[in-house]
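The following exercises practise the reading of a protein model. Please examine the sequence and the structure before attempting each task.

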Amino acid sequence: MPNSDELLKMFETAGAIRHGHFELSSGLHSAMYVQCALVLQYPRFAEKLGAALAARFANAQIEAVVSPALGGLIVGQEVARALPEASSTRAVAGAGVPAIFVERDASGAMVMRRGFSLQSDERVLVVEDVWTTGGSTQEAIRVVQEGGGRVVASTAQCRRTEGNIYFPVKAQALLDLPIASYEPDDCSLCREGSAAVKPGSRFLRSTP
């Protein structure tokens, strides 16, 4: 499995670590932004990242992977592909661990639709691309629990916050990047007169 330096090199090679003035999906401002889509656009990188995350949960008997759209889609698929196939009441022989995603409806609430469902007490791993506040992962955990699943753990490619993030389940990121972030009214870049750009996907609302 790749070590931290090798993982960071993947992100840098893909141009996934950006510098400037950004408004994160949490509403916080930062001088650095991690755009995981840029590293995940390369299938070999995506495969390696998914395998590295899956290796941490190889013995957890994961029966389904759930990811919040849009950011978690590719890495969730790769993690599911790399996980050992678990016995499940709904398992399709030879198909592997299912990769399900949750998404926002027109009101902005996270929901599960498109015919996706979970079995009662099904063992779920929630997979995200990046954690800043962990809000999307927490919402995904709620949707899974409301759907009858049991979240065994949550994971992400990258944690980009300086502080701790609380999750109600075991949580571990593959790469820690303690990037400073600020409330908009306490942002030195704003005081200098620059405007924050919104590079994330949460600002694009899905339609029913």
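Buried residues, meaning those under 20% relative accessible area (exposed is over 50%, partly exposed in between; 1.4 Å probe, protein chains only), make up 46% of the 208 residues in the chain. The model is predicted, so local features need pLDDT of at least 70 and side-chain atom pairs count only at pLDDT 80 or more, while totals for chains, interfaces and linings use all residues. Residues are numbered from 1 along each chain as its sequence is written, and side-chain values use heavy atoms, with hydrogens and water left out.

**Exercise 1. Describe the overall build of the chain.**

Step 1. Helices (H or I, at least four residues) and strands (E, at least two) are DSSP runs, numbered from the N terminus. The chain has six helices and eight strands, and from the N terminus their order is α-β-β-α-α-β-α-β-β-β-α-β-β-α.

Step 2. The radius of gyration is taken over C-alpha atoms, and the globule rule is 2.2 Å times the number of residues to the power 0.38. For 208 residues a compact globule would have a value near 17 Å, and the chain agrees because its own value is 17 Å. The C-alpha trace spans about 60 × 40 × 30 Å along its principal axes.

Step 3. Contact means heavy atoms within 4.5 Å. Among contacts between residues at least 6 apart in sequence, 67% join residues at least 24 apart.

**Exercise 2. Locate the largest nonpolar core and identify what supplies it.**

Step 1. A nonpolar core is a set of buried Ala, Val, Leu, Ile, Met, Phe, Trp, Tyr and Cys residues joined through side-chain atoms within 4.5 Å. In soluble globular proteins, nonpolar side chains tend to be buried together.

Step 2. The largest core has 34 residues, of which F11, V39, V79 and L83 touch the most other members. At least two residues each come from α1 (4-13), α2 (36-40), α3 (43-55), α4 (73-82), β6 (123-131), β7 (150-159) and β8 (170-176). The greatest contribution, six residues, is that of α3.

Step 3. Another core lies apart from this one; it has 19 residues, including V66, V151, F167 and V169.

Step 4. For V39, the contacts beyond four places in sequence are M10, F11, A14, A16, F45, A46, L49 and Q157.

**Exercise 3. Determine which residues of α4 are buried and what covers them.**

Step 1. V75, G76, E78, V79 and A80 are buried in α4.

Step 2. Their cover includes α2, α3, β3 (64-68), β4 (99-104), β6 and β7.

**Exercise 4. Compare the surroundings of E128, V130 and A69.**

Step 1. E128 is found in strand β6 and counts as buried because its relative accessibility is 6%. Beyond four places in sequence, E128 touches P68, G71, G72, V75, S136, T137, T155, A156 and Q157.

Step 2. V130 also belongs to strand β6; with a relative accessible area of 12%, V130 is buried. Residues more than four places away that V130 touches are V34, C36, C158 and R160. The C-alpha atoms of V130 and Q157 are separated by 6.0 Å, although these residues are 27 apart along the chain.

Step 3. A69 is found in the loop between β3 and α4. Its relative accessible area of 25% makes A69 partly exposed. Leaving aside neighbours within four places in sequence, A69 is in contact with F101, V102 and E103.
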